[in-house]
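Let's take a walk through this structure together, one stop at a time. Have a look at it first, and then we'll begin.

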Amino acid sequence: MTHPATDSMGPAAEAALGRIKDRYPKADPLALIPGIDPSKIPVHIAMIMDGNGRWAQERGLPRIKGHHSGAKNVQVMLEACAAIGVEVLTLYSFSTENWSRPEDEVQGLMEMCVAYCEHQREALKSNNVKVRVLGRREGMPKQALSALDSLVEATSQCTGITMCLAVNYGGRDEIVDAARSLAAKAVSGEIDPDQIDAAMFADSLTTKGLPDPDLLIRTGGDFRVSNYLLWQISYAEIMVTDVQWPDFSQEEFYGMIRRFAARSRRFGNINSES
Ligand code: IPE
Ligand code: IPE
Ligand code: MG
């Protein structure tokens, strides 16, 4: 199907639209974000899903209710991303610092993780979503780990959007783990320390093989990165909204994509990428 707007598109935009359509036959970015240049749609979006607790407190509800509402919004955002051709959505689900929260909240979040994996497995599979997990395994409850492992296994053949769940994730720990593994390889003689470069380092991170995020979105209004993807967000565009995660809508998200497409990404050069 050709869209009327394709008539006025340049070759880069047409090629990008072709790539999107090959990957997701049902995607229609031009219908959803009229006038968007398909080559300016982010390939990888990283999301800091913040504000669940405040969302609940504002309604006189326990914080865990906010987490439940937030989990429901994941499906909305996954569909919104796939519909415009985003290839990777990385969701900050539980940070290494979140263990310091009250025990009942931590336990509630881990139980929610298990329930999410079990209840969403079939839907994710039928929507062709490939799940990947980022973060340290050590320290995670066994049940949560096995639920995450079986979700990854169940969706391993999916070819649509990749959803990375960052659980027990901390950017500093991830960098430390990469440094340790490279140091061990150097000591054993498998590599020469002089061979270590940015590409080899990136391949030692849990995001190995993924493109760096183009866009980092934080809901909940705080302008900070909270130990998220410290290596990978070097050149990500950053957008913050005051809206709390459970209320973050497809409409606002598409508004951000439009703003992202209008930004000039220079990567240290003087001209914007074309
Ligand atoms: C983000 O929401 C979800 C997790 C950290 C698990 P919060 O729970 O941090 O919500 P606020 O920031 O307290 O409102
Ligand atoms: C970041 O939110 C972590 C997640 C969304 C999982 P936090 O609520 O933990 O971040 P801070 O404490 O406000 O920096
Ligand atoms: Mg928070």
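Is asparagine 168 buried or exposed? Keep in mind that what you see is a predicted model. With a relative accessible area of 5%, asparagine 168 is buried, because the cut-off for that word is under 20%. You'll find asparagine 168 in strand E4. Its backbone is worth a look too: phi of asparagine 168 is near 50 degrees, a positive value in a residue that isn't glycine. Most residues other than glycine have a negative phi.

Asparagine 168 has company in this respect. Phenylalanine 267 also isn't a glycine, yet has a positive phi of about 50 degrees. Look for phenylalanine 267 in the segment after helix H9, which covers 250-262. Phenylalanine 267 is partly exposed, with a relative accessible area of 41%.

Strand E4 (162-169) leads us to our next stop, since it is part of what covers the buried residues of helix H6. Helix H5 (103-126) and strand E3 (130-134) are included in that cover as well. H6 itself takes in residues 142-154, 13 residues in total. From its first C-alpha to its last, H6 reaches 18 Å, close to the 18 Å expected at 1.5 Å a residue. Which residues of H6 are buried? They are Ala144, Leu145, Ala147, Leu148 and Leu151. Seen down the axis of H6, these buried residues fall within an arc of 165 degrees, so they line one face of the helix. Turn to the face that points away from the buried side, and you meet the exposed residues Lys142, Gln143 and Glu153.

Now on to a loop. Between strand E5 (215-218) and strand E6 (237-240) sits glutamine 232. At 3% relative accessibility, glutamine 232 counts as buried. Its side chain makes a polar contact of 3.1 Å with the side chain of glutamate 174. Leaving aside residues up to four places away in sequence, glutamine 232 touches Glu174 along with Tyr169, Leu205, Thr207, Asp212 and Pro213.

Our last stop is ligand 2. What surrounds ligand 2? Its neighbours include Ile48, Met49, Asp50, Tyr92, Phe94 and Arg218. Three side chains each have an N or O atom paired with an oxygen atom of the ligand: serine 226 at 2.6 Å, arginine 224 at 2.8 Å and arginine 101 at 3.2 Å. On its own, ligand 2 has 390 Å² of accessible area, and the protein covers 78% of it.

Terms used
Residues numbered from 1 in each chain as written. Chains lettered and ligands numbered in written order. Predicted model: local features only at pLDDT ≥ 70, side-chain atom pairs only at ≥ 80, totals over all residues. Heavy atoms only, no water. Helix = DSSP H or I, 4+ residues; strand = E, 2+ residues; numbered from the N terminus. Expected span 1.5 Å × (residues − 1). Buried < 20%, exposed > 50% of the residue type's maximum accessible area, 1.4 Å probe, protein only. Arc of directions from axis to C-beta. Contact = heavy atoms within 4.5 Å. Near = heavy atom within 4 Å. Polar contact = N/O pair within 3.5 Å; in protein donor to acceptor, adjacent residues only side chain to side chain. Areas by Shrake-Rupley, 256 points an atom, 1.4 Å probe, with all protein chains shown as cover.
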